[in-house]
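Please work through the exercises below with the sequence and the structure side by side, and try each task before reading its solution.

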Amino acid sequence: MEPMTMLVLAFQLLALFSIAGALLIYLICKVREDSASASADSQPSRVVLVTSADTALGLQLCTHLANKGCRVFAGMKEAHDSLPAKLLCGWMKIREYSEEPIAGTIIPMRLDVTREDVLREATVSMGAHLNADERGIAAVINTSGSVFRGKVESQDVQQWEHMLKTNILGTLRVAKAFVGFLRPTRGRLLYLGGGGETARSGGDGLVAFNASRVAVDKCAEELRKELQPYGVSVVALDTCGMTAESLYKAPVAQTISSTAGAPTQYTADVLSPGALQVIERALWDFAPQQRYPLLSHNKYQFTLPCRSSLRLQRAVVPSAVGESATQSV
């Protein structure tokens, strides 16, 4: 066979294999999409619990998921008179009268992961708000936690105890209280994994905090093994690269007008639009990963061009990454 003929034949084979490969990828994506559709049909409601909207991160998650059409239970230590409660209430009222009202809703609920009695009341309240045809909820996102920075030799022991009680025992209490809502739907338990500044710089003055975060990761690892037979997925939102304080800082009111009924401005720039999309994947991917990094450390990362399994897409106005996003409520 002549060399030119062999070369042409090789190009033809290469083209044939490329077409076959593209077709195979398309079929895989199609199967995943159909499976996700079946899963979505079997779970018509999208009900999510965010354990702490007292933090700016939790508050941002509540409003973002409501924009996506979810019914969000927003846990907070004081569900009526606190700043987060007023911000959420005002945010919902303004969206109701906007040109494109949101499809979802937010239900403020008293919740404190350090108190067993309050957790019991929260489970009763959630059950009362579920519709008759709803067997449970889609996910629990544990945003509760605390951080105190300081050298071990000078730090108050009570601060250690508070971090251990909130971060470690709080993780276990959340699982104990709400896993009953996740078993019927084969739902997901999401928590803030990673060590905050641990992987980046070791965290000056964060010995106790980083120790608690390592313990939280281990608790979640063991919970994953225990809940796997029930179909409940335990997923870590890897926070490496984020400062410890940003995870649990409170929302800050920027402008409070003396005029009755005037909206309050507050900052909600903890998570970038890219990080919010990662959380959506962690919530709705048909086969969830064990960890989802909220910050991408590789600018060359890419994914296959499959359509997302998320079925609650709505157009939202994106804010620039790294800029201070302000929301009016």
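**Exercise 1.** In this predicted model, work out the order of the strands in the open sheet and identify its edge strands.

*Solution.* Begin with the sheet as a whole, which is open, has 7 strands and runs in the order β3-β2-β1-β4-β5-β6-β9, with parallel pairing. Next look at the two ends, where β3 (105-110) and β9 (291-293) each pair on one side only and are therefore the edge strands. The twist from one strand to the next averages 20°. Finally, at the β9 end, strand β6 (residues 233-238) pairs with β9 in the parallel sense over 3 bridges, and aspartate 238 stands opposite proline 293 in β9.

**Exercise 2.** Describe the surroundings of isoleucine 141 in β4, starting from its partners in β1 and β5.

*Solution.* On one side, β4 pairs with strand β1 (residues 47-50) in the parallel sense over 3 bridges, and valine 50 stands opposite isoleucine 141. In β5 (residues 188-193), which pairs with β4 in the parallel sense over 4 bridges, leucine 190 stands opposite isoleucine 141. Between β4 and β5 the chain passes through helix α5 (residues 157-182), in a right-handed β-α-β crossover. As for side chains, Ala139 and Ile141 point one way from β4 while Val140 and Asn142 point the other way, and all are buried.

**Exercise 3.** Is leucine 7 buried, partly exposed or exposed?

*Solution.* First locate leucine 7 in helix α1 (residues 3-42). Its relative accessibility is 44%, so leucine 7 counts as partly exposed, the class between under 20% and over 50%. Leu7 also belongs, with Met4, Val8, Phe11 and Leu14, to a nonpolar surface patch whose accessible area is about 510 Å² together.

Key:
Residues are numbered from 1 along each chain as its sequence is written. This is a predicted model: local features need pLDDT of at least 70, side-chain atom pairs count only at pLDDT 80 or more; totals for chains, interfaces and linings use all residues. Side-chain values use heavy atoms; hydrogens and water are left out. Patches are made of residues with over 30% relative accessible area and no salt bridge: like charges are joined within 9 Å, nonpolar side chains (Val, Leu, Ile, Met, Phe, Trp, Tyr) within 5 Å. Accessible areas come from the Shrake-Rupley method with a 1.4 Å probe; for residues, only the protein chains shown count as cover. A salt bridge is a side-chain nitrogen of Lys or Arg within 4 Å of a carboxyl oxygen of Asp or Glu. Buried means under 20% relative accessible area, exposed over 50%, partly exposed in between (1.4 Å probe, protein chains only). A crossover is right-handed if, with the strands pointing away from the viewer, the path from the first strand over the helix to the second runs clockwise. Axes are lines fitted to C-alpha atoms, for helices over the stretch in contact, and angles run from 0 to 180 degrees between N-to-C directions.
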